[in-house]
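Reader: I have a sequence and a model in front of me. Where do I begin?

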Amino acid sequence: MLRGRIYKLLFGGLAISFCSIAFVASAKAGEAKFVSNAGCKCHMSKGCFEGEEYKERLHSNTWEKRLQGTADEDNPECLKCHATAVDKKISKKFKDKKYLPNVQCEACHGAGDEYVKLKKNYKGKGKDAFKKLLKEDPLLARKEQYDAGLLVAGITSNTVKEQCLECHWESADAENKCPKTDKVMDYKEYFKKDDHRDEDDIDLVIKKLSDADKKKWADILPKDDMLYLPYRKH
Ligand code: HEC
Ligand code: HEC
Ligand code: HEC
């Protein structure tokens, strides 16, 4: 009995890691280029929660506010936390740019140009095809998004906090911290403030998934319990 259980655990673990290897290998994350918030304009439009809220957050203007016009404007040591796409592949539209200012959507969600292509003409079926897929088969739509390189911490990584800690710190003597402030992240508070989820078709589908489907789609379901918190009302 016990041996059976151990075997199952081992086998289950192997199957899961095999799946994630296959999943990662199909992602185009490495090929995608950064397009800036302009490429996320559907989300930035009026009435759209991500964009509206984002504009009020300091992520959206931290470069202008803290670095622009100072000696550190182009200092890579500062840009790694106050800017996006530092030394990464940026769309040709931004000729010669070595970075994009501020903590833009893509700083956390990955370079977006492959996703933009998908949205414009999914499988050569025109501009409404992806919208249709989002309605009809939200899980497949999400897989396509992630295969195109999109990320959400807590789905593509084990926890959301890992991502925040790339630029934040939880103790005043942390090594990776801003030399200009002693503020420390209170993770729960910061998550709450930055939380920009809302209930989409996919969230309704996820709630009703069978155990078999949960296994099938494990790679694109939230792993982090924070992502199962109730949505904020707005
Ligand atoms: C490890 C990431 C990181 C690095 C590196 C970094 N910053 Fe910051 N910086 C932050 C964060 C995060 C905050 C806000 C902290 C908070 O609100 O919890 C901040 C805040 C600031 C502030 C506002 C301080 C205040 O309290 O008014 C200034 C100014 C600033 N940074 C400038 C710089 C400059 C200049 C550099 C390079 C010399 C730099 N930062 C490097 C992450 C970083
Ligand atoms: C690419 C770097 C980067 C990452 C990743 C990052 N932050 Fe920040 N964050 C900053 C910087 C820089 C500031 C400082 C803004 C300022 O004061 O100019 C900041 C400030 C904040 C603030 C306070 C400012 C406000 O608008 O109220 C919150 C809250 C916050 N971050 C939450 C988060 C959370 C939650 C995560 C993880 C999901 C996260 N951040 C990930 C760079 C980052
Ligand atoms: C500091 C990192 C960070 C930045 C900047 C950021 N996001 Fe997010 N985003 C996350 C994380 C983490 C989640 C999942 C949990 C949450 O909402 O905080 C998420 C969730 C989402 C979701 C899923 C929402 C849902 O309904 O489930 C969308 C869509 C999204 N972000 C779009 C955007 C757009 C558009 C921007 C720019 C305007 C943006 N994000 C900026 C980290 C970020």
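Author: We go from the whole chain to its ligands, then to one helix and one loop residue. Keep in mind that this is a predicted model.

Reader: How many helices and strands are there in the chain?

Author: Start by counting elements. Here the chain has 13 helices and two strands.

Reader: What share of the chain is buried?

Author: Burial is judged by counting neighbours. Of the 234 residues in this chain, 20% are buried.

Reader: And how do I read contacts along the sequence?

Author: Look at how far apart the partners sit in sequence. Take the contacts between residues at least 6 apart: 62% of them join residues at least 24 apart.

Reader: Now the ligands. Which residues come nearest to ligand 2?

Author: List the shell, then pick out its nearest members. Ligand 2 has 22 residues around it. L58, T62, C164, C167 and D194 come nearest.

Reader: Which helix gives the most to that shell around ligand 2?

Author: Helix 11, with four residues. Helices 4, 5, 6 and 10 join helix 11 in supplying at least two residues each. By class, the shell around ligand 2 holds eleven nonpolar, five polar and six charged residues.

Reader: Which residues are closest to ligand 3?

Author: Use the same routine. H43, Y54, C105, C108 and R197 are the closest of the 24 residues surrounding ligand 3. Helix 2, helix 3 and helix 6 each supply at least two residues of this shell. The largest share comes from helix 6, with four residues. The classes are eleven nonpolar, seven polar and six charged.

Reader: Which residues of helix 9 are buried?

Author: Read a helix residue by residue, then ask what packs on it. Helix 9 covers residues 138–147, and its buried residues are A141, R142, E144, Q145 and Y146. They pack against helix 7, helix 8 and helix 12.

Reader: What happens just after helix 9?

Author: Check the backbone angles there. G149 takes a positive phi of about 110°.

Reader: Last, the loop residue. Where does A38 lie?

Author: In the loop between helix 1 and helix 2.

Reader: Why does A38 count as partly exposed?

Author: Count C-beta atoms within 10 Å: 20 or more means buried, 12 or fewer means exposed. A38 has 14 such neighbours, so A38 falls in between and counts as partly exposed.

Reader: How far apart are A38 and C105 in space?

Author: Compare sequence with space. A38 and C105 are 67 residues apart in sequence, and their C-alpha atoms are 9.9 Å apart. C105 is also one of the residues closest to ligand 3.

Note on methods. Residues are numbered from 1 along each chain as its sequence is written. Chains are lettered from A and ligands numbered from 1 in the order in which they are written. This is a predicted model: local features need pLDDT of at least 70, side-chain atom pairs count only at pLDDT 80 or more; totals for chains, interfaces and linings use all residues. A residue is near a molecule or strand if its C-beta atom, placed from the backbone, lies within 6 Å of it. Ala, Val, Leu, Ile, Met, Phe, Trp, Tyr, Cys and Pro count as nonpolar, Asp, Glu, Lys and Arg as charged, and the others, Gly among them, as polar. Two residues are in contact if their C-beta atoms, placed from the backbone, lie within 7 Å.
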